[in-house]
Amino acid sequence: IYLLQIYDRVLSSRSGHTLLMLTIIVAFTVVIGGVLDALRRAALGRMGEWLEQELHPATLSACLKCAHADRARASDAYRDLGMLRQFAQSGACSTLFDALWTPLFLGVLFLVHPLLGVIGVLSVLFLLGLGLVEDRLTEAPMTRSAGALSRSQGWFGTAIGNLQVIRAMGMLDGAARLIRQAAQYARREQEVVQRRHETMMLIAKPARALAQVLVMGAAAWLVLEQNRSPAIIFA
C-alpha cells in the first residue's frame with residue numbers, strides 16, 4: 001500500500017509533504033507492529049511456563065505410576081511436557097498466528113487485481129497440498145523412528161540400572177546388541193523421513209520463488225496490456 005501511494009501520489013504530485021506524512025504513518029505502524037510482536041513472544045513464553053507448571057504435578061505422578069510397567073513410555077511422557085513448553089515459546093507457535101493473516105494478504109492481492117489474487121490463491125493451495133503430502137509420507141516412518149529410539153533409550157536405562165546383574169549373567173553383549181539394533185532401526189527410519197522431506201523441499205522452494213515471479217510478471221503484463229499503474233509491480 002505504501003509503494004502504491006508513493007508511486008501514484010508522491011511521484012505524480014512531487015509533493016514532499018505527502019511523502020513525509022505517508023512515511024510517518026508507515027513508520028508508526030511498523031514500530032507498533034514490532035512492539036506487538038515482542039509482546040506476543042513474551043506472552044507465549046509466560047504461557048509456556050504456566051502450562052508446564054500447571055501440568056507438571058499430574059504428569060509426574062502419572063509417569064511414576066506407570067514407570068514400573070513401561071519405563072520408556074513414562075520417560076517419553078515426562079519429556080513431552082518439556083517439549084510442549086518449548087513449542088509454546090518457539091517461533092513455530094507464533095507462525096500459526098501469522099498464518100491467520102494469509103486471507104488478508106490474498107484479499108489485498110485481489111484488490112490490486114483479480115488476476116494477481118488468483119495466482120496467489122493457486123500458489124497457496126499448491127504449497128498447502130505439498131505440506132499435506134509431506135506430512136502423509138513422513139508420518140509413518142517418523143512414528144517408527146520415535147518408537148525405536150524410545151525402546152533403545154529405555155533398554156539402555158534398564159541395562160545401566162542392572163549392569164552388575166547383566167554382566168554376571170553374561171548377557172552384556174546381547175543387551176548391547178539389542179540397544180544398538182533399535183538405535184540403527186530408528187536411524188534408518190529417520191533417514192527415510194529426511195530423504196522424503198528433502199524431496200518435497202526440492203519442489204516447494206522453487207514453487208515459492210516461481211509464485212513470486214509469476215505475480216510480478218502478471219503485474220507487468222497488466223501494466224503493458226491494460227494500462228494499469230506501474231506501482232502494482234512493486235506492490
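This is a short talk about the helices and pockets of one predicted protein model.

Okay, hi everyone. Let's begin with the overall build. How many helices and strands are there in the protein chain? There are 9 helices and 0 strands. If you read along the sequence, the pattern is simply α-α-α-α-α-α-α-α-α.

Now, the outline. A compact globule of 235 residues would have a radius of gyration near 18 Å, but this protein chain comes out at 27 Å. You can also look at the C-alpha trace, which spans about 90 × 35 × 20 Å along its principal axes. Keep those three numbers in mind when you turn the model on your screen.

Next, how do the helices sit against one another? I picked two pairs.

Pair one is helix 1, residues 2-13, with helix 2, residues 16-66. Their axes come within 11 Å and cross at roughly 175°. Angles over 145 degrees count as roughly antiparallel, so helix 1 is roughly antiparallel to helix 2. Which residues meet there? From helix 1 we have Tyr2, Gln5, Ile6 and Val10, and from helix 2 we have Thr18, Leu19, Leu22, Thr23 and Val26. Sort the residues of that contact by class and you get 6 nonpolar, 3 polar and no charged.

Pair two is helix 5 with helix 6. Here the axes are 5 Å apart, and the packing angle is about 150°. Because of that angle, helix 5 is roughly antiparallel to helix 6. On the helix 5 side, the contact uses Thr102, Leu106, Leu109, Phe110 and Val112. Helix 6 brings Pro114, Leu116, Gly117, Val118, Gly120, Val121 and Val124. The class split for this contact is 9 nonpolar, 3 polar and no charged.

Right, on to the empty space. Rolling a probe the size of a water molecule over the atoms shows where empty space is left.

The largest pocket has a volume of about 920 Å³. It's lined by 28 residues, and the closest to its centre are Phe105, Leu106, Val108, Leu109 and Ala235. You've met Leu106 and Leu109 already, in the contact of helix 5 with helix 6. Which elements give two or more residues to this lining? They are helix 1, helix 2, helix 5 (102-112), helix 6 (114-161), helix 8 (172-226) and helix 9 (231-234). Helix 5 gives the largest share, 7 residues. By class, the lining has 23 nonpolar, 4 polar and 1 charged residues.

Then there's the second largest pocket, with about 200 Å³ of space. Its lining is Phe87, Ala92, Thr95, Leu96, Asp98, Ala99 and Thr102. Helix 4, residues 91-99, supplies the largest share, 5 residues. The classes here are 4 nonpolar, 2 polar and 1 charged. Thr102 is worth finding on screen, as it lines this pocket and also takes part in the contact of helix 5 with helix 6.

That's my tour. Thanks for listening!

Methods: Residues are numbered from 1 along each chain as its sequence is written. This is a predicted model: local features need pLDDT of at least 70, side-chain atom pairs count only at pLDDT 80 or more; totals for chains, interfaces and linings use all residues. Side-chain values use heavy atoms; hydrogens and water are left out. Axes are lines fitted to C-alpha atoms, for helices over the stretch in contact, and angles run from 0 to 180 degrees between N-to-C directions. Helices (H or I, at least four residues) and strands (E, at least two) are DSSP runs, numbered from the N terminus. Angles under 35 degrees count as roughly parallel, over 145 as roughly antiparallel, 65 to 115 as roughly perpendicular and the rest as oblique. Contact means heavy atoms within 4.5 Å. Ala, Val, Leu, Ile, Met, Phe, Trp, Tyr, Cys and Pro count as nonpolar, Asp, Glu, Lys and Arg as charged, and the others, Gly among them, as polar. On a 1 Å grid over the protein atoms alone, a cavity is a set of points where a 1.4 Å probe fits but cannot get out, and a pocket is an open set with protein on both sides within 12 Å along at least five of seven lines; lining residues have an atom within 4 Å of a point. Grid points are joined across faces, edges and corners, and a volume is the space filled by probe spheres set on the points. The radius of gyration is taken over C-alpha atoms; the globule rule is 2.2 Å times the number of residues to the power 0.38.
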